Amino acid sequence: MTATQILLLIAAYFGVLLVISYFTGKNDNNEDFFKAGKQSPWYLVAFGMVGASLSGVTFISVPGWIEGSQFSYFQVVLGYMVGYLVVAYVLLPIYYKLNVTSIYEYLLQRFGVVSHKTGAFFFFLSRVLGAAFRLFLVAIVLQQFVFNAWNVPFEITVIISILLIWIYTNKGGIKTIVWTDTLQTLFMILAVILSIHFINESLGWSFSEFLVSDELKAYNKVFVMDSFLERGHFFKSFLGGMFITICMTGLDQDMMQKNLTCKSLKDAQKNMVSFSIVLVFVTLLFMLLGALLYIYANKHNIAIPLMDGKPKTDLLFPEIALNSGLGITLAVTFMLGLIAAAYSSADSALTSLTTSFCVDFLNIDKKPKEHQKSVRKKAHIGMSVLLIIVIIIFKYVLNSNVIDSLLTVAGYTYGPLLGLFAFGIFTNYQVKDKYVWLVALCSVVLITIIGSIPADKLGGYVLGYELLPINGLLTFIGLILIRRK
């Protein structure tokens, strides 16, 4: 597939998104931008959230990760399911009861202004890094397979990517995203199913033959139970997955903003439970695709593509889909899936950042009615520029698998949110609000020090995703120290 063909495909895809944004953004008001008028059908939100949760990171990075981790990532996914139940039946009732626009308004009502700003800040930091990780991934693929052919700098590729998102989210915000996410999730799931079909066909296998093949058995180890010291041990992965979900979904304005557009708490809970079940099966498909890619690459002597002179497993899927001669259908399927996966999470991230910044930091509801729309639009532009800057920085500092990096960073930035919300929900104490930011900062510093301890200093114990609950516990303990009756 040529660079020109890929570019035409992207243009056609965004043409469809612009049509959707035209109809959903007609009102161009803050109520629709922030809450979609609280009229979103729960099943539409549930299906769209699959794409937003998986994103371009899962679409490319999970398949590329299979050789190193095999199917052990599924241990984390099983933890996700338990986490989603906690979100549905512990956190959502609180948000609906308080009728919040930003979920961090809970901290304002529970503890005070400083707690509110601290929680919002850590979400802001987490989401900027998370969205930048995801967009960085799609940007390097576009750069490698499209814009390098025309000598377009990486920086311009990033600017174009963000500009396209800004255009179709500028008016409708979350109302537009509920509908575009549904379309994007459909494209992404179709892409992985068709990719598995076409690659199996080229290998002379049916899907059932692939599942029982000796080649797959070399990659399908799921449970790591040998030693608790290992980073990927089942208990550590499961527990980490559970807390990652609670934090990166339940304490994340991006994911919760979609849930809060449902008509009622009951609808939002149905959305969350059904979404969690679908997500498990879709993630399993991605892991099967990853094993199939490595099998195909080994049979045809396809090397891991290089980026800046280093092997980049995240580029294996695009390399096979676009350059291995499997046909235009697979290439088109891959590109549609990649674009859909990447932008289904990036567009909602941009919208949630705008929402949080307006509500939590600018106190938009206290500004004159005639100025509120203008404030929101300026914030939307500012968030777009911020993402561009962070993504460009990543090109020069990021060198590991993107999904591993994303989950590791979550342990540092979401921990204070976990501690704050847990203390608010499970205790009756108030805190000395002015010291909350200091507790959160100390928690991050301590977990950074703990995370950097070499395994040999811990008797061979390798720290992994359990850093997130430990971080939350440190924050919780710190809040106990500054509690008041």
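## A buried residue in helix α19

I447 has a relative accessible area of 0% and is therefore buried in this predicted model. The residue belongs to helix α19, which covers residues 436–451. Leaving out residues up to four places away in sequence, I447 touches Y412, L467, I470, N471 and L474. One of these partners, L467, is 20 residues from I447 along the chain, and the C-alpha atoms of the two are separated by 7.0 Å.

## The nonpolar cores

The largest nonpolar core holds 141 residues, and the members that touch the most other members are Y95, L135, I199, M272, F334 and M335. For L135, the contacts beyond its neighbours within four places in sequence are with I162, I165, Y343, A346, L387 and I391. Another core lies apart from the largest one and consists of seven residues, including F33, F34, V359 and I364.

M272, one of the residues of the largest core with the most contacts to other members, is also touched by T249, whose further partners, not counting residues up to four places away in sequence, are Y84, I244, M255 and M256. T249 is placed in helix α11, residues 234–250, and with a relative accessibility of 5% it counts as buried.

## Salt bridges between helices

The count of salt bridges in the model comes to nine. One of them joins the side chains of D254 and R127, with a distance of 3.5 Å from N to O. Because D254 lies in helix α12 (residues 253–259) and R127 in helix α6 (residues 113–145), this pair ties together parts that are 127 residues apart in sequence. Both D254 and R127 are buried.

Helix α12 takes part in a further bridge, in which the closest N and O atoms of D181 and K258 are 3.9 Å apart. D181 lies in helix α8 (residues 174–203) and K258 in helix α12, so here the parts tied together are 77 residues apart in sequence. D181 and K258 are both buried.

How far apart are the closest N and O atoms in the salt bridge of E215 with K299? They are separated by 3.6 Å, and the pair links distant parts of the chain, with E215 in helix α10 (residues 214–217) and K299 in helix α13 (residues 265–299), 84 residues apart. E215 has a relative accessibility of 30% and so counts as partly exposed, and K299, with a relative accessible area of 45%, is partly exposed as well. Elsewhere, salt bridges that share partners join R127, D181, D252, D254 and K258 into one network.

## Two pairs of packed helices

Two packed helices are described by the angle between their axes and the distance between the axes. Helix α4, residues 73–98, packs with α13 at an angle of about 170°, and the two axes are 10 Å apart. Angles over 145 degrees count as roughly antiparallel, so α4 and α13 are roughly antiparallel to each other. The residues of their contact divide into 22 nonpolar, three polar and no charged.

Helix α1, residues 3–24, packs with α7 at an angle of about 25°, with axes 8 Å apart. Since angles under 35 degrees count as roughly parallel, α1 and α7 are therefore roughly parallel to each other. In this contact F14, L17, L18 and S21 of α1 meet L164, I167 and Y168 of α7, and the residues divide into six nonpolar, one polar and no charged.

## Two loop residues with positive phi

N99 lies in the loop between α4 and α5, the latter helix being residues 105–110. Its phi is near 55°, which is a positive value in a residue other than glycine. N99 has a relative accessible area of 46%, and so it is partly exposed.

N151 lies in the loop between α6 and α7, the latter helix being residues 154–169. Although N151 is not a glycine, it has a positive phi of about 60°. Is N151 buried or exposed? At a relative accessibility of 70%, N151 counts as exposed, because residues with over 50% relative accessible area are placed in that class.

Definitions and conventions:
Residues numbered from 1 in each chain as written. Predicted model: local features only at pLDDT ≥ 70, side-chain atom pairs only at ≥ 80, totals over all residues. Heavy atoms only, no water. Salt bridge = Lys/Arg side-chain N within 4 Å of Asp/Glu carboxyl O. Helix = DSSP H or I, 4+ residues; strand = E, 2+ residues; numbered from the N terminus. Buried < 20%, exposed > 50% of the residue type's maximum accessible area, 1.4 Å probe, protein only. Core = buried A, V, L, I, M, F, W, Y, C linked by side-chain atoms within 4.5 Å. Contact = heavy atoms within 4.5 Å. Axes fitted to C-alpha atoms, helices over the stretch in contact; angles between N-to-C directions. Parallel < 35°, antiparallel > 145°, perpendicular 65-115°, else oblique. Nonpolar A, V, L, I, M, F, W, Y, C, P; charged D, E, K, R; others polar.
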